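Work through these exercises with the structure open. Try each task before you read its solution.

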Protein chains: 2
Amino acid sequence: MLSQTTEYALRAMCYLAYMKEGLIATGEIAENTKVPSNYLAKVLQQLAKADLVIGRRGVGGGYRIARPAPEITLLDVINSIDPISPITACPLGLVEHKGVLCPLHRKLDEAARTMIGVFDGISLSDVLGELGSVRPLCNAEMSKKIHLTLDKSGS
Amino acid sequence: MLSQTTEYALRAMCYLAYMKEGLIATGEIAENTKVPSNYLAKVLQQLAKADLVIGRRGVGGGYRIARPAPEITLLDVINSIDPISPITACPLGLVEHKGVLCPLHRKLDEAARTMIGVFDGISLSDVLGELGSVRPLCNAEMSKKIHLTLDKSGS
């Protein structure tokens, strides 16, 4: 349902949310999210355009998350790549349907609004911080790295 | 949320469901669904591959619906173009996540399953036959044509 690109964007945002501060090189993000580096570079540019990450080019460059994880919803990330949009007018532009959607487009609109509600209700920190479950992206090595980051920031 | 191609496929299926019998030329379907003809030709090939329509090439060729509209769900049509799939294993292939999804992928899985449930519960005839509302694809001229088809088939 969500595109591969969107799923990659969610992974990248999770990684940058773990890392919190400092610019992270695209290569490091690619390695930990298992996203091909060239593909990821384009995803990160889209995330930067949507003001979800802040990037700097060149030597020592990279990306960091633009806001704290509790303030970014899954919908923010999804909408920066392939927006989920309600249907507010007949996609065929039929004048007879002005102001009233047909049952096909009404059902598609309802489905879109349901998904908007679901993803708008989940922040990045909701999926990163759930107790008693495996964490996104985390193999054993990554778990250790995250604990170090969390210890450093005192959270 | 659904791709443009999927939305076009749903329109094409609605048109063929109205027409019920006889092969309909791609040009006629394109005109009534307001989908570019070349684009539609590819969509129809995908629908044929999924056994939702039956086509014949050449002079006098075209497409007809493969089964009655009550037997085709919106999910059947969606899945013939861009399938909505539950997430049954870690997309990163992490061994630590074997048998248990992380909260990110669990949320995405739940959302996918919600949409599968919604679209599997709606047949083409559900969206075509709703009383007291505008019908999919129908401007005034198309409404007349459909009434003729319905009258002819006695429904």
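**Exercise 1.** Which residue follows helix 1 of chain A, and what is the sign of its phi?

*Solution.* This is a predicted model. Go to the end of helix 1 of chain A. The residue that follows is A:K20. Its phi is positive, near 60°.

**Exercise 2.** Check the length of helix 1 of chain A against its expected span.

*Solution.* Count the residues: helix 1 of chain A has 16. The expected span is 1.5 Å times one less than the number of residues. That gives 22 Å for helix 1 of chain A. Now take the end C-alpha atoms: they are 23 Å apart, which agrees.

**Exercise 3.** How many of the 16 residues of helix 1 of chain A are buried?

*Solution.* A residue is buried if 20 or more other C-beta atoms lie within 10 Å of its own. In helix 1 of chain A, 14 of the 16 residues are buried. The helix is mostly covered.

**Exercise 4.** Describe the side of chain A that touches chain B.

*Solution.* Start with the totals: 35 residues come from chain A and 35 from chain B. Next, find the helices. Helix 1 (4–19) and helix 5 (103–120) of chain A each supply at least two residues. Helix 5 of chain A gives the largest share, 9 residues. Last, sort by class: this side of chain A has 25 nonpolar, 4 polar and 6 charged residues.

**Exercise 5.** Work out how chains A and B are related.

*Solution.* A rotation of 180° with 0.0 Å of shift along its axis superposes chain A on chain B, with an RMSD of 0.0 Å. The two copies are therefore related as by a two-fold rotation axis. Within chain A, A:M1 comes closest to the rotation axis, at 3.5 Å (C-alpha). Finally, compare the interfaces: 100% of the interface residues of chain A are also interface residues in chain B, so the copies meet through the same surface.

Notes:
Residues are numbered from 1 along each chain as its sequence is written. Chains are lettered from A and ligands numbered from 1 in the order in which they are written. This is a predicted model: local features need pLDDT of at least 70, side-chain atom pairs count only at pLDDT 80 or more; totals for chains, interfaces and linings use all residues. Two residues are in contact if their C-beta atoms, placed from the backbone, lie within 7 Å. Helices (H or I, at least four residues) and strands (E, at least two) are DSSP runs, numbered from the N terminus. Ala, Val, Leu, Ile, Met, Phe, Trp, Tyr, Cys and Pro count as nonpolar, Asp, Glu, Lys and Arg as charged, and the others, Gly among them, as polar. A residue is buried if 20 or more other C-beta atoms lie within 10 Å of its own, exposed if 12 or fewer, and partly exposed in between; C-beta atoms are placed from the backbone. Copies are superposed by least squares on the C-alpha atoms of residues with pLDDT of at least 70 in both.
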